[in-house]
Structure formats: structure tokens, C-alpha cells
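Colleague: I would like to understand the salt bridges in this model one by one, with attention to where each partner sits. Could you take me through them slowly, as you would for someone new to reading structures?

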Amino acid sequence: MLRAIKGQIQKRPRLFEGIGVVAIALLILFAAPAILTAMGQEFRVNMLGRFLALAIVALGIDLIWGYTGILSLGHGLFFTLGGYALAMHLKLQLPEGELPEFFTLYGVKELPWFWKPFHSFPFSLAATIFVPMLIAALLGYLVFRNRIRGVYFSILTQAALIVFFNFFNSQQKLINGTNGLKTDTAKIFDVYVGSDDVQRILYILSVVFLILAYCLSRWLTSGRLGRLLIAIRDDESRVRFSGYDPTGFKVLVFAVSAGLAGIAGALYAAQSGGISPKTMDIAFSIEMVIWVAVGGRASLVGAILGAILVNFSKSILSEQFPQVWLFFLGGLFLTVVTVLPDGFVGWLRTQGVDQVRSLLGRRRLLTYPSLAEDPEVEYERQNLRN
Amino acid sequence: MSAKILEIEDLTVSFDGFKALNQLNFSMEPGELRVIIGPNGAGKTTFLDVITGKVQPTIGSARFKGKNLKALSEHQICRLGIGRKFQTPRIFLKLTPRENLSLSGNRYKGVFSTLLNKRPTGEQQTISGLLETVGLTPKADIPAELLSHGEKQRLEIGMLVAQSPDLLLVDEPVAGLTDEETENVGNLLLTLAESHSIIVIEHDMEFVRQIARQQVTVLHQGSVLCEGKMNDVQNDPRVIEVYLGEAPSMDE
Ligand SMILES: Nc1ncnc2c1ncn2[C@@H]1O[C@H](COP(=O)(O)OP(=O)(O)OP(=O)(O)O)[C@@H](O)[C@H]1O
Ligand SMILES: [Mg+2]
């Protein structure tokens, strides 16, 4: 019986999954805002929109860390670059000849050269994705080609983050330094970005891009490439002896995950009133990894859930317990990492197998010898024991 | 072009002054099944490391079908047609045997061909055939981490064959196997020897007698001590002294 059902699901997995994704997307698009508004929690809709954007970075982190085993602690860099690319475009939506207000404050008379292409909307959109991707590809190529791995790679990503942080922080005359770029009062298509209408559209865009990012990640991690990424994660040098050069694969995944971070940064910036070098704080990049760890490494759904749940608990805890919420949050992380090393989704998976096993366990005496030797049954029994 | 499939000249590998291989000379004809024996630490694994590009020679050269392997990286050497099985089985534990085989059997190993190419129609059958050959058909679709040690050894040999290399380097394929499994692996290697050149490194003398139909090479302290038919090698006093004599004395 169970098998028959399993067989059916296996025959049409894409269809089932597609229906599931669409259903959840519709819920988030229509039901969630309505419910939150009915509860008098309208401000949480915008919050959810921002967290959906963060879930896009989490997918990127999951690709590079969960699947490929490369721990980047510098994704805040790509996130921030994406945010700036969009914010620069928004800042330039001014009457002819006017400069963004901060330039006049610092006595800058002419728009710096690298701002000019951001007059173009298509260019800016492309830049939110491709600038982070290019930087990641370049950094990744240099690092991976020289077989720098593990902790050394993580440290390098942090170093890159610090370099960019200091640069952005100190360049008042180029990009307004520490204050960053405010987008609330900027206009897009002649409407204020901070207005309800634009924010509603940004919410929808966050859902849409999250789904696109999910589909992309799903495509990359299924099939040959996905298996190769897992192989690289588990034994990179064996992959070389099988005739693959891991460098290209790692560069590709690192660049894709940086591109996702860039999109996320743009969506997040536009929904939170602007972008500043603060998102290049080391702590923020580490938090991104924590979302994935909590949700479940090497599970795309886990990464998304992790980002949304952790961020919601963070804001609810900080509202309820302004003094001690940080301790609660720290406690939550420690609990999850020690009690559920595979994150929530990992735990759910093993629980699911457990239930099947207890079913099988009760019936074990009744099974035929052939079933008892069935590798699938054996597999489930083995898993039960762990 | 030389007719030899593998030629090693004057090869020395030193690790911080310690010579794991010392002026080693070796050559092999296409189609040969060569067995290499030698006591622990003789440099057998290091020898394979040099051929497969894991270790660069300090002095000397290794040529495969006349092509110098120096400065090629592991994946390039693999693509020339050299496949390797490691001393401790190294398979991808989170993937199933079927996936392991399809990963090594993939013909186009670039990034975009891996991502975009359709599976060639013949691949499915080739892999099912291979699974049958290494006796893993019933366990083809469970994670490889659940396989027994012997099954892992066989899977890794299967992965090697899937690459369809011209030269197979097999490091201790029967370590930790039961007698019956050992014989199976022996027969498998003999079958493969009909269409491949193979180097087998082994300690198990019973097994060496089973498969060594041609030349046997004895390594000792990084150099070739002697070479010849199994019977001659077994009776060579130098070999008895450094190697075969060791076993009984260790048993006491
Ligand atoms: N990377 C390394 N650095 C330093 N010494 C090494 C290295 N690799 C191997 N050696 C040394 O080189 C010698 C030969 O090692 P090798 O692994 O080739 O022996 P082996 O003949 O395969 O032995 P076994 O039968 O135990 O597998 C050993 O003394 C070993 O300690
Ligand atoms: Mg060895």
C-alpha cells in the first residue's frame, strides 16, 4: 500500500511539487496580507516582504554551503552591492540637472562617473545581479583555482567583506559613506518608493523572485550537477580523479549564490527605506548562515523557512523582551544546532522515516523474508537505529 | 611514439628529504596485467600518486602512451585515460551506487555539459550492466554509505570501469574482504584485463597468485627490487628477505 502511494508520487514528482509551490505562493501573496491586516498587524506585511527577500539570500547560502560545502561568511557584501545598485538608480530620479542631496552637502558638483550608467533602469536591474556575480566569480576563480578551501576560504570572504565595508564607509563624496542611500523619499515612475502602492508591488515582487530563485536552485541541485556538487562537498579530490575540474563548478555556484544575494539586497533595501554599509557588518553575514543551519542545510525549503522563522522570532522577541531578547535568540540557535544538527527540516525528515519504521517494526514478524532483505526496508531500519 | 603504455624513468619523490621513491624505473606494455607487491612503506601508493598527478616528481618523469604527465593536473590525467581506485574505498557516500557510476561514467565533464546535456540514451543500460557486473543491482538505489566494505570496494572498481580508461590503477582491491569476495574481485580483474591495461597493488599473496599471470614487480624502499614471473619472484632470495620472510617472523 505504502509502496503503491510512494510509487505514484515518484512517477509525477514534478507535478506534485509544482502544485505545492503554486499553492504556497498564492497563500503568501493573498492570504497572508489579508490575515495579518485583519489581525491589526498590517506592519508585519512589509516585514514579511523583507524576510522573503532574505529567504532569497538563504537559498544562495544553501547552494554554496549546504550543497557544495563551501562556507561563505561574506555574502553581506553581495547583498549590499545589490542594494546599492538599485538605490543608486532610485536616487537619480530627479529633475534635470539636480544631484542627490548628499552630494551638495559634501560640495560635489558633478556626478561621479560610475553613477552615470545608473540613470538607466535596465542597467541598474542588471547591475543588482551581475555586479555581485562578477565579483564573486573573480574572487572565486582566484581562490578555488589555487585550491584554497575550508576555513581559509571563509576567512578570505570575511576579509573581502571588511575591505568593502571600510571603502563604503569612508567614501562620503562618492556614495554618502556611513549614512548610505535613503530610498523612501526617492521616486520610481513618479511615485514615492515608500508609498503603500509601491510597497505592495515590492511585496509581490519578493514572492515572485523567491519562487524564481527556488526554481533555479531546484534545477541546479537536481540532476547531474546537483549530484556533482554533493560529490565536491564530500570528497573534492576524488572528484578530480574522476576527471572533473571542480574549479568551474565552484565558481559557477558561488557566482549564482552571489547573484541571488544581490537580488535579495535590492528587494530588501527598497522595502526597508534604503541601504547602508551596515549590511556589511560581519554579524549579518554570519546570521545568514545561521538561518540555513536552523532551517536545514542542503534543503531548499529548510533555507527559506529558516530565514523567515528566525527573522520573525528575532523581531517578535525584540518587541516583547527589549532587554533580554538577544539571549533568547542565542539560546534558540544553540538549541537548534546541538539538538537538531540537521536543522528543522532535517529533523522532520528523520521523524518521518521514524514513523514508517515504527510501523514496519510492529509488523516485522509478519513480513516475508524477501521483504526483510529488501534494501529499502534495510535502509529504513538502519536509519531508525541512528 | 613509443609502444609502451606506461614508462617511468629515474623517478625520485622526496618528502622533506625522505625519499619515498628512489630512482625508480618501470615500464609496461599495453594490455598487460601487472601486479606490484612490496612491504608497507615501500612507496607503492606514492607511485600511483605520481602517475595520477597527486604528487609531483622531484626528479624524473612518467610517460603515458609517450605523453609526459608532468604539469598535468589530476582531472587532465584522468581524461587521458588513467583511472584509479584508492587504497581505502573512496566513493561518494551520500549518492547511490547508480549515481556514483553515472558520475564517473559521464563522458562530458565540463560545467555546462554537466548542467545542460541530456543523458545519452545508452547510459542507462551501460550502468545497469555495470551494476550487474559488480553485483550491486539489488542495492543500486540506496545511499552508498549503507554498503558493506566489500560492496564499497566493488563499487569503486565499477566506477573505475565506468570511466572506460585504458589504464587501471588498482590499490589493494581486496583489503578487508572475505575469501569468497576476494575471489570474485580477482575474477572481475581478470575479465577486465582482457580489454584494459591494469596495475594491481596487493599484499595478499594468495590473491596475487590468483591473478598474476604475467610480470610481477617488487618494490622496496622506493626502488624496483626485482621483476619477473610470480614463481621466480617468490623464490628470489632478496624478495624472501625483505618481504615474504617478513610475514612468518611477524607472526611469531
Ligand atoms: N605526503 C607525504 N609526506 C611525507 N611522507 C609521505 C607522504 N606520503 C607518503 N609518505 C611516506 O612515503 C613512504 C611510502 O608510502 P606509501 O604510502 O607509498 O607506501 P605503500 O607502499 O603504499 O605502503 P602500504 O603497503 O602500507 O600501503 C612511507 O614511509 C610514507 O610515510
Ligand atoms: Mg599504500
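Modeller: What follows is a walk through several salt bridges, with a short look at the ligand afterwards. Please keep in mind that this is a predicted model, and that a search of the whole structure finds 26 salt bridges over all chains. Side chains of opposite charge can pair when their charged atoms come close.

Let us begin with a pair that crosses between chains, in which the side chains of A:R224 and B:E123 meet with an N to O distance of 2.7 Å. A:R224 belongs to helix 10 (residues 223-234) of chain A, while B:E123 belongs to helix 5 (residues 123-133) of chain B. Both A:R224 and B:E123 are buried.

The next pair stays within chain B, where B:K139 forms a salt bridge with B:E151 and the closest N and O atoms are 3.1 Å apart. Because B:K139 lies in the loop between helix 5 and helix 6 (149-162) of chain B, and B:E151 in helix 6 of chain B, this pair ties together parts that are twelve residues apart in sequence. The two partners can be described by their relative accessible areas: B:K139 has 28% and is partly exposed, whereas B:E151 has 12% and is buried, since buried means under 20%.

A further salt bridge joins the side chains of B:R209 and B:E206, at 3.6 Å from N to O. These two residues are three apart in helix 8 (residues 205-211) of chain B, so about one helical turn separates B:R209 from B:E206. With a relative accessibility of 41%, B:R209 counts as partly exposed, while B:E206, at 59%, counts as exposed, because the cut-off for exposed is over 50%. Salt bridges can also share partners, and in this way A:R149, A:E236, A:R240 and A:K250 are joined into one network.

Turning to the ligand, 14 residues surround ligand 1, and the closest are B:N40, B:K44, B:T45, B:T46 and B:H203. The shell around ligand 1 divides into five nonpolar, seven polar and two charged residues. Helix 1 of chain B gives the most to this shell, with three residues. Oxygen atoms of ligand 1 come within 3.2 Å of a polar backbone atom of B:A42 and 3.0 Å of a polar backbone atom of B:G43, and a polar side-chain atom of B:H203 lies 2.8 Å from an oxygen atom of ligand 1. Of the 640 Å² of accessible area that ligand 1 has on its own, the protein covers 61%.

How values were computed:
Residues are numbered from 1 along each chain as its sequence is written. Chains are lettered from A and ligands numbered from 1 in the order in which they are written. This is a predicted model: local features need pLDDT of at least 70, side-chain atom pairs count only at pLDDT 80 or more; totals for chains, interfaces and linings use all residues. Side-chain values use heavy atoms; hydrogens and water are left out. A residue is near a molecule or strand if one of its heavy atoms lies within 4 Å of it. A polar contact is a pair of N or O atoms within 3.5 Å; within protein, one must be able to donate a hydrogen and the other to accept it, and residues adjacent in sequence count only if both atoms are side-chain atoms. Accessible areas come from the Shrake-Rupley method with a 1.4 Å probe; for residues, only the protein chains shown count as cover. Helices (H or I, at least four residues) and strands (E, at least two) are DSSP runs, numbered from the N terminus. Ala, Val, Leu, Ile, Met, Phe, Trp, Tyr, Cys and Pro count as nonpolar, Asp, Glu, Lys and Arg as charged, and the others, Gly among them, as polar. A salt bridge is a side-chain nitrogen of Lys or Arg within 4 Å of a carboxyl oxygen of Asp or Glu. Buried means under 20% relative accessible area, exposed over 50%, partly exposed in between (1.4 Å probe, protein chains only).
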